[in-house]
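Visitor: I am new to this structure and would like to know what stands behind the words used for it. Please show it to me, and I will ask about the terms.

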Amino acid sequence: MYKIDVPESNIPRVVIIGGGFGGLKLAKTLRNKDIQVVLIDKNNYHTFQPLLYQVATAGLEPDAIAFPIRKIFKTYKNFFFRLAEVEGIDRETNKIITNIGELSYDFLVLATGSKTNYFGNQQIQKLGMPLKTVVQALDLRSLMLQNFEKAILSSDVNTRESRMNFVIVGGGPTGVELAGALGELKGHVLPKDYPELDVRRMQIHLVEAGPRLLPGLSNVSSEKSLAYLKKLGVNVWLNTMVKGYDGTIVKMSSGKNLYTKNLVWSAGVMGNMIDGIPKESITQGNRILVDEFNKVKGFEQFYAIGDVAAMINDENPKGHPMVAQVAIQQGENLGKNILNQIKGKAPKPFKYNDLGSMATVGRNKAVVELSKFKSQGPFAWFIWMFVHLMSLVGFRNKAIVLVNWLWNYINYDRGIRLIIRPYNRQKAELKENGVEEESAATTISEEVG
């Protein structure tokens with residue numbers, strides 16, 4: 001096994017796996033200290049996941065919510081980035097195994113985030129569309145536009161409407177925001193783009209297994225979100241589970257069937273695990289058990305932060321919520337603890353400071369809960385925009401997003417309705433399974449749903 005080409009040094013080496021919110025914050029906390037930081041990720045960019053739904057609905061281009069990792073850390077000393085996929089951990093030798101070689105560590109931090117949880121439903125995993133990465137957002141955008149192009153060519157009413165319909169599973173922030181964005185497309189954009197189609201017959205369904213939307217927020221915010229969605233023409237199904245999907249028919253627990261070629265699955269996530277973690281260290285949700293210092297139970301000098309970590313205690317019997325703020329705060333606390341440990345000082349336990357939650361449903365429609373402050377409507381929408389704008393990495397990204405939002409607000413338009421990478425389900429499956437094709441070319445005439 002080859003060694004990853006990282007300079008040997010007499011200072012401690014911290015290896016961070018994952019360039020998400022937690023991994024970036026940890027690396028920033030260790031900035032220019034007497035520590036060698038090596039960040040490993042399978043992508044060379046950081047993704048601002050809360051705005052993925054806007055990429056999927058043609059509101060933003062992917063480069064507006066993604067930022068090169070090397071550019072973020074270009075002024076950091078003793079920092080190294082390697083583009084690689086981690087295949088496992090060798091606990092006996094304190095090394096990680098990747099597809100480009102192995103690397104030793106003094107401190108190892110797993111910040112791999114989460115991935116879509118299909119709860120064992122292989123039908124939906126194969127035929128539904130997730131929304132966790134930039135690639136998935138682009139695939140969903142292409143699928144949506146391709147299906148509308150194919151709907152124009154269809155002479156069968158049922159087939160045509162199934163290509164125009166959307167079913168979104170999961171009433172959390174992603175599902176609510178995506179449903180709201182599709183509702184605005186239906187009302188202001190798609191009728192102009194496709195005058196040959198009766199877009200009024202397009203149906204948007206949001207299916208939630210629980211009794212209300214946005215379970216992480218108050219009942220007031222949930223009810224307000226429900227009212228906003230209904231105003232946008234979204235059909236909301238509460239206390240309803242999706243049992244199966246064959247590519248056209250969605251079977252629900254109520255016995256009712258919905259017809260769509262566009263099923264988006266946002267009903268759950270689970271920890272994004274790597275090999276080498278013993279089963280006794282893994283708990284519900286495919287998350288790694290950690291102590292109050294984010295140390296993985298059963299390991300030395302090995303930590304996990306963010307979505308993949310489960311810090312279970314009396315206050316959080318199921319672990320902390322899988323949200324960005326937890327990852328950011330854990331990354332900062334762990335960085336300080338690593339510095340303290342090197343200096344021989346005692347570490348400080350992690351204490352989560354809940355800064356609140358928010359979700360937008362559309363133009364002038366949002367719900368915000370910050371500590372004791374709660375707001376709904378236009379003012380909450382401006383708060384949501386400001387917080388998300390300031391959270392983006394890089395001035396360029398902030399400027400691009402702001403200009404796009406202002407343009408969309410003034411013109412009721414989403415100008416990025418481009419099929420740059422046509423989506424083909426069969427080819428996507430082959431790629432996921434590691435099968436190389438002779439040609440990557442595809443056309444709109446091919447089957448996409």
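**From terms to values**

Visitor: Why is R141 called buried?

Guide: Buried means under 20% relative accessible area, exposed means over 50%, and partly exposed lies in between, with a 1.4 Å probe and protein chains only. R141 has a relative accessible area of 2%, so R141 counts as buried. Some ground rules: this is a predicted model, in which local features need pLDDT of at least 70 and side-chain atom pairs count only at pLDDT 80 or more, while totals for chains, interfaces and linings use all residues. Residues are numbered from 1 along each chain as its sequence is written, and side-chain values use heavy atoms, with hydrogens and water left out.

Visitor: What makes R141 and E61 a salt bridge?

Guide: A salt bridge is a side-chain nitrogen of Lys or Arg within 4 Å of a carboxyl oxygen of Asp or Glu. The closest N and O atoms of R141 and E61 are 3.5 Å apart, so the pair meets the definition. The two residues come from distant parts of the chain, 80 residues apart: R141 sits in helix 5, and E61 in the loop between helix 2 (52-56) and strand 4 (66-68). Helices (H or I, at least four residues) and strands (E, at least two) are DSSP runs, numbered from the N terminus.

Visitor: Which class does E61 fall into by its relative accessibility?

Guide: E61 has 24% relative accessibility, so E61 counts as partly exposed.

Visitor: How many salt bridges are there in the whole structure?

Guide: A search finds 11. One of them joins E102 and K95, with the closest N and O atoms 3.2 Å apart. E102 is buried at a relative accessible area of 15%, whereas K95 is partly exposed at 24%. In another, the side chains of K351 and E315 meet at 3.1 Å, N to O. That pair also links distant parts of the chain, 36 residues apart, with K351 in the loop between helix 9 and strand 23 (357-362) and E315 in the loop between strand 22 and helix 9. K351 is exposed at 57%, and E315 is exposed at 60%.

Visitor: Why is helix 5 described as largely enclosed?

Guide: Of its 20 residues, 15 are buried, so helix 5 is largely enclosed by the rest of the structure.

Visitor: How do you know what span to expect for helix 5?

Guide: The expected span of a helix is 1.5 Å times one less than its number of residues. For the 20 residues of helix 5 (residues 134-153) that gives 28 Å, and the end C-alpha atoms are 29 Å apart, which agrees. For the 19 residues of helix 9 the expected span is 27 Å, and the end C-alpha atoms are 27 Å apart, which agrees too.

Visitor: What do the buried residues of helix 9 pack against?

Guide: They pack against strand 1, helix 1, strand 9, strand 21 and strand 22 (309-310). Among these buried residues are V326, L334, I338 and L339. Just after helix 9, G344 takes a positive phi of about 85°.

Visitor: What is the strand order of the open sheet of five strands?

Guide: The order is 5-2-1-9-21, with parallel pairing. Two strands pair if DSSP finds at least two bridges between them. Strand 5 (79-83) and strand 21 (302-304) stand at the edges with a single partner strand each, so one side of each has no neighbour in the sheet.

Visitor: What makes strand 2 and strand 5 a pair?

Guide: Five bridges join strand 2 (residues 36-41) to strand 5, so the requirement of at least two is met. Within this pair, I40 stands opposite R82 in strand 5.

Visitor: Which strands does helix 1 touch?

Guide: Helix 1 (residues 21-29) packs on the sheet, touching strand 1 (13-17), strand 2, strand 5 and strand 9 (107-110). Contact means heavy atoms within 4.5 Å.

Visitor: Is H46 in strand 3 buried or exposed?

Guide: At 3% relative accessibility, H46 counts as buried. H46 lies in strand 3 (residues 45-47). Not counting residues up to four places away in sequence, H46 touches residues including G19, F21, F67 and V393.

Visitor: Why are both faces of strand 12 said to be covered?

Guide: In strand 12 (residues 204-207), I204 and L206 on one side and H205 and V207 on the other are all buried. Four bridges join strand 11 (residues 166-169) to strand 12, and the two run parallel. I168 stands opposite L206 in strand 12.

Terms used:
Axes are lines fitted to C-alpha atoms, for helices over the stretch in contact, and angles run from 0 to 180 degrees between N-to-C directions.
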